[in-house]
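I opened my notebook to look up a few things in this structure. My notes follow in the order I made them.

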Amino acid sequence: MLLIALLMAAAPMQSQATMNRSAGTSYAQADATMTAQWNRTYAYMKRRDAQDGSRGGGFGYAAALLESQRAWLKFRDTQCVIEGGQYAGGSAQGRTIAGCRTGLTQARTKQLKTMIWYQ
């Protein structure tokens with residue numbers, strides 16, 4: 001009986017709604033961080049294009065990055081629907097989708113950082 005009381009005190013129970021809200025908040029934070037990094041990386045690519053006159057107006061870094069980001073967003077959202085599908089119609093579906101989006105968004109943020117080659 002003491003062990004059960006200790007376990008309950010150490011790990012308070014969370015409702016599914018609380019877990020879903022927490023997952024949604026984590027995703028919102030990851031998305032805001034990625035958006036800020038996107039803006040920095042996109043501006044960097046625009047500057048590279050402007051500086052590179054050797055190819056008649058630049059390589060097209062900014063346009064390629066924009067196309068890449070659009071494709072990545074479609075991938076992320078579709079992938080996370082698939083992952084959430086294991087709980088289709090259940091209360092964990094939204095949390096699973098948000099968790100998937102958070103993880104993939106954090107990975108994309110790191111990737112976008114690596115695209116700024118000279119800092």
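**Entry 1: a charge and a ring**

Which residue lies over the face of Y27? I found that R101 does, at 5.9 Å from the ring centre. I noted too that the model is predicted.

**Entry 2: the disulfide**

Next I looked for disulfides. The count comes to one. C80 and C100 form this disulfide, with their sulfur atoms 2.1 Å apart. I checked the angle about the S-S bond and got -80°, so I wrote down that the link is left-handed.

What does the pair tie together? C80 lies in helix 3 (residues 61–84) and C100 in helix 4 (residues 93–114), so the disulfide ties together parts that are 20 residues apart in sequence.

I then asked whether C80 is buried or exposed. C80 is buried, because its relative accessible area is 0%. C100 counts as buried too, at 8% relative accessibility.

**Entry 3: Q37**

I moved on to Q37, which I placed in helix 2 (residues 16–51). Q37 has 4% relative accessibility, so I put it down as buried. Which side chain does the side chain of Q37 make a polar contact with? I found R40, at 2.9 Å. Leaving out residues up to four places away in sequence, Q37 touches T109, L112, K113 and I116.

**Entry 4: the nonpolar core**

I listed the largest nonpolar core and got eleven residues in all. Among them are M34, W38, L65, W72 and M115. Helix 2 and helix 3 each supply at least two residues of this core. I added a general remark: in soluble globular proteins, nonpolar side chains tend to be buried together. L112 and I116, which Q37 touches, are also in the core.

**Entry 5: Y61 and the rings**

Y61 belongs to the core as well. Not counting neighbours within four places in sequence, Y61 is in contact with M45, R48, D49 and W117.

How many aromatic pairs are there? I counted four. In one of them, the rings of F59 and Y61 have their centres 4.6 Å apart and their planes at 40°, so I called the pair tilted. For Y61 and W117 the centres are 5.6 Å apart and the planes at 70°, so that pair is edge-to-face. Y61 lies in helix 3 and W117 in the segment after helix 4, so the pair ties together parts that are 56 residues apart in sequence.

Y61 is buried, at 15% relative accessible area. W117 counts as partly exposed, at 43%. Last, I noted that ring pairs link Y44, F59, Y61 and W117 into a cluster.

Technical notes: Residues numbered from 1 in each chain as written. Predicted model: local features only at pLDDT ≥ 70, side-chain atom pairs only at ≥ 80, totals over all residues. Heavy atoms only, no water. Disulfide = S-S within 2.5 Å. Helix = DSSP H or I, 4+ residues; strand = E, 2+ residues; numbered from the N terminus. Buried < 20%, exposed > 50% of the residue type's maximum accessible area, 1.4 Å probe, protein only. Polar contact = N/O pair within 3.5 Å; in protein donor to acceptor, adjacent residues only side chain to side chain. Contact = heavy atoms within 4.5 Å. Core = buried A, V, L, I, M, F, W, Y, C linked by side-chain atoms within 4.5 Å. Phe/Tyr/Trp six-rings, centres within 6.5 Å; stacked < 30°, edge-to-face > 60°. Lys NZ or Arg CZ within 6 Å of the ring centre and 35° of its normal.
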